[in-house]
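Please look over the structure shown here. The report below walks through some of its parts.

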Amino acid sequence: MIIPLRYNLRSLFVRRATTAATAIGIALVVFVLSSALMLSEGVRRTLGSAGKADVAIVLRKGSSAELESGVEDPQVALVKAMPGVRRAGAEPAGSGEVVVVIALEKLGASGVTNVGVRGVLEAAFTLRPDVRVVAGRRAAPGADEAMVGIRLRGRMKGLDLGQSFELKKNRPVQVVGVFDDGGSAHESEVWVDREVLRSSFGREGSVSSVRVRLDSPASFEAFRANVEQDKRLGLMAQRETAYYEKQSEGTSLFISVLGSLVAFFFSLGAMIGAMNTMYASIANRQREIGTMRALGFSRTSILFCFLVEAVLLSLAGGALGAVLSLAMGSVRFSMINFASFSEVVFRFEPTPQILAVSLVVSMAMGVLGGFLPAVRAARTSPLAAMRG
Amino acid sequence: MTTNVDRTAEVLIRIRGVTKDYARGGEVVKVLEALDLDVNRGSFEALMGPSGSGKTTLLNLIAGLDSPTSGTIEIDGQRIDRMGEGALAKWRSNHVGFIFQSYNLMPVLTAVENVELPLLLTPVRASERRKRAETALRVVGLADRMSHYPRQLSGGQEQRVAIARAIVIDPVLLVADEPTGDLDRQSADDVLTLLDRLCKEMGKTILMVTHDPAAADRASLTHHLDKGRFRA
Ligand SMILES: Nc1ncnc2c1ncn2[C@@H]1O[C@H](COP(=O)(O)OP(=O)(O)OP(=O)(O)O)[C@@H](O)[C@H]1O
Ligand SMILES: [Mg+2]
């Protein structure tokens, strides 16, 4: 009952110029869509992976990011002393950090961009065991030295080993090391000694955020209740994982929505292209189709046959688009993260799901674009076999 | 394939009072008017007549491609004039072999794949399909052209592939609309000889529309249509 697949495959091959043109249109859609999804996934992984389940971050109440938040030094001590915070010997495991944004000149492109600078003490490293120095060394406490995240290295003027940049006007800082952190957003930051940062920005006496390591992830609720109970503190606590998820949400959503929208409008064009191709090809095959009807093939099998042909066509395009987008896997993409107003470098992260979505979308385009032409084919009268 | 059994006197096609009207721009055109016709099983008959006399229309009705406006068509004991479209398609796939003026092979399929096509509508298994298609191609003398595409064949060879496709389901009836219309004399003669053999050796009933008196001469009986009626 089913017309063999090779009939469709060869029919597509015989019309290879139009087949290729149509498939390329579909490939473009799939390329845009899957690249956007890969980038969105990259954002989610980069921003999301900075968080640890047993770490809590404390910010000024009402602030959505470290950059907007301020916590006075005495409050830092209070937070660190709260029950539920793990102790290494006598000292509670906590890190008060300052985050600022500075403008630096881009390399290889004109203009300046925002770079996030984090002022840290030794405790920052204890809380983030994944941070590794991959070149040079850590900045010495109290020295005008900096470590740059590996993703920023060499992307801005002065941000490479041995170079220096201006933390503030007339306050040059030398880059003495490069670090990585398992792909997290910290890799797009510059780390300097906290006191150096505070003195150069006149921020003595306060920090942006306090991070503490909890006894266990389960201790968080009790810790939060304690922090937020004291209204005079005016602080709030979040799990670090939740904080970074929220940071990535907006950007990641924005990219997938924007990418999907662009892909959607492209897909209208590609679908109309596929529809036209199928219409033309069916019009050229009236006698062939009429002959199949005369031989006894039902309307349903003709409909199915041409739907399959449209789907084969769009799958070819989809596969091409998916392969092209996989090539994006090696591309780094830098953009301003909305939450921190600083430039973060992302990768396109291919996942099996994204590949599956791409192929399903291209199949859907084939079915949608091919349906009306297939209906027309199915309505071909067997008498068409007799006509010239 | 069945061999000829002596049933020459038996009527295979029985047509009574068949009329076909076409509506054209609000006007009704009577293409066939109250036709009666009997065709015996195993006979090779020709249908002649001027252009527009309704030959193709009548052949289409007999082949179950279209339905008459009124009248009855009985083939091999089965009334096909009131069958619905789906039932007709199924009936065609089991009972009728088609031979067209322009061969109507699928250009993207090889000779043997073209011949296999009608077998896809039957429960015959894939390996058996291929065997039957090869046998049919051998019958039409194209054993050495199995994997050629239609464009690699001459017109006469294409028409013989089409004949193989028509006989592969072992139909009771072969219909041919000007099967030699696009062929040179020699190829036309070959095709007519082949049709004659199919009739004599395999007992196929053949109904052929033709403009060519030489072709009609090969048939055992010729019916003349004129303006939708048979001429006495
Ligand atoms: N679908 C249709 N709608 C309207 N009129 C039709 C239709 N099909 C055939 N006719 C008309 O019916 C008449 C008979 O047509 P038919 O094709 O049967 O003639 P024919 O004898 O086969 O002619 P020819 O020798 O040229 O092939 C013609 O006048 C034709 O215009
Ligand atoms: Mg005709």
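## A loop in chain B

At 25% relative accessibility, B:Ser102 is partly exposed, because partly exposed covers the range between under 20% and over 50%. This is a predicted model. B:Ser102 sits in the loop that joins strand 6 to helix 3 of chain B. Which residues does B:Ser102 touch, leaving out those up to four places away in sequence? They are A:Arg287 and B:Asp182. B:Ser102 can also be set beside B:Ala162. These two are 60 residues apart in sequence, and their C-alpha atoms lie 9.6 Å apart in space.

B:Asn104 belongs to the loop between strand 6 and helix 3 of chain B. Is B:Asn104 buried or exposed? B:Asn104 is buried, because its relative accessible area is 5% and the cut-off for buried is under 20%.

## Two positive phi angles

Most residues other than glycine have a negative phi. B:Asn104 has a positive one, near 55°. B:Glu178 also has a positive phi, near 45°. Neither B:Asn104 nor B:Glu178 is a glycine.

Where is B:Glu178 found? The loop between strand 7 and helix 6 of chain B holds B:Glu178. Its relative accessible area is 17%, so B:Glu178 counts as buried.

## The largest nonpolar core

How many residues does the largest nonpolar core have? The answer is 43. Those with the most contacts inside this core are B:Val115, B:Leu137, B:Val161, B:Ile163, B:Leu195, B:Leu198 and B:Met208. Several elements of chain B give two or more residues to the core, including strand 3 (44-48), helix 4 (126-139), helix 5 (155-167) and strand 8 (205-209). Helix 6 of chain B gives the largest share, eight residues. In soluble globular proteins, nonpolar side chains tend to be buried together.

Take B:Ile163 as an example. Not counting residues up to four places away in sequence, B:Ile163 touches B:Ile99, B:Val140, B:Val191, B:Leu194, B:Leu195 and B:Leu198. Apart from this core lies another one, of 39 residues. Among them are A:Leu152, A:Met156, A:Val196 and A:Leu214.

## Helix 2 of chain B

Helix 2 of chain B spans residues 85-95. Its buried residues are B:Leu88, B:Ala89, B:Trp91, B:Arg92, B:Ser93 and B:His95. What do these buried residues pack against? In chain A, they meet helix 8 (286-295). In chain B, they pack against helix 1 (55-62), strand 4 (70-75), strand 5 (78-79), strand 6 (96-99) and strand 7.

B:Glu85 is also in helix 2 of chain B. With a relative accessible area of 40%, B:Glu85 is partly exposed. Leaving aside neighbours within four places in sequence, B:Glu85 is in contact with A:Arg293 and A:Arg299. B:Glu85 and B:Ser67 are 18 residues apart along the chain, and 9.0 Å separates their C-alpha atoms.

## Helix 7 meets helix 10 in chain A

Helix 7 (residues 240-283) and helix 10 (residues 352-378) of chain A have axes that come within 8 Å. The axes cross at roughly 25°. Helix 7 of chain A is therefore roughly parallel to helix 10 of chain A, because angles under 35 degrees count that way. The crossing is right-handed.

Which residues of helix 7 of chain A take part in this contact? They are A:Ser267, A:Ala270, A:Met271, A:Met275, A:Met278, A:Tyr279 and A:Ile282. The residues they meet in helix 10 of chain A include A:Met365, A:Leu368, A:Gly369 and A:Arg376. The residues of this contact divide into twelve nonpolar, two polar and one charged.

## Helix 7 meets helix 9 in chain A

The axes of helix 7 and helix 9 (residues 299-326) of chain A come within 11 Å and cross at roughly 135°. That makes helix 7 of chain A oblique to helix 9 of chain A. This crossing is right-handed. From helix 7 of chain A come A:Thr277, A:Met278, A:Ser281 and A:Ile282. From helix 9 of chain A come A:Phe306, A:Glu309, A:Ala310 and A:Leu313. Five of the contact residues are nonpolar, two are polar and one is charged.

A:Asn276 is in helix 7 of chain A too. A:Asn276 is partly exposed, at 48% relative accessible area. Between the C-alpha atoms of A:Asn276 and A:Ala263, 13 residues apart along the chain, there are 19 Å.

Note on methods:
Residues are numbered from 1 along each chain as its sequence is written. Chains are lettered from A and ligands numbered from 1 in the order in which they are written. This is a predicted model: local features need pLDDT of at least 70, side-chain atom pairs count only at pLDDT 80 or more; totals for chains, interfaces and linings use all residues. Side-chain values use heavy atoms; hydrogens and water are left out. A nonpolar core is a set of buried Ala, Val, Leu, Ile, Met, Phe, Trp, Tyr and Cys residues joined through side-chain atoms within 4.5 Å. Buried means under 20% relative accessible area, exposed over 50%, partly exposed in between (1.4 Å probe, protein chains only). Helices (H or I, at least four residues) and strands (E, at least two) are DSSP runs, numbered from the N terminus. Contact means heavy atoms within 4.5 Å. Axes are lines fitted to C-alpha atoms, for helices over the stretch in contact, and angles run from 0 to 180 degrees between N-to-C directions. Angles under 35 degrees count as roughly parallel, over 145 as roughly antiparallel, 65 to 115 as roughly perpendicular and the rest as oblique. A crossing is left-handed if the near helix is turned anticlockwise from the far one by less than a right angle, and right-handed if clockwise. Ala, Val, Leu, Ile, Met, Phe, Trp, Tyr, Cys and Pro count as nonpolar, Asp, Glu, Lys and Arg as charged, and the others, Gly among them, as polar.
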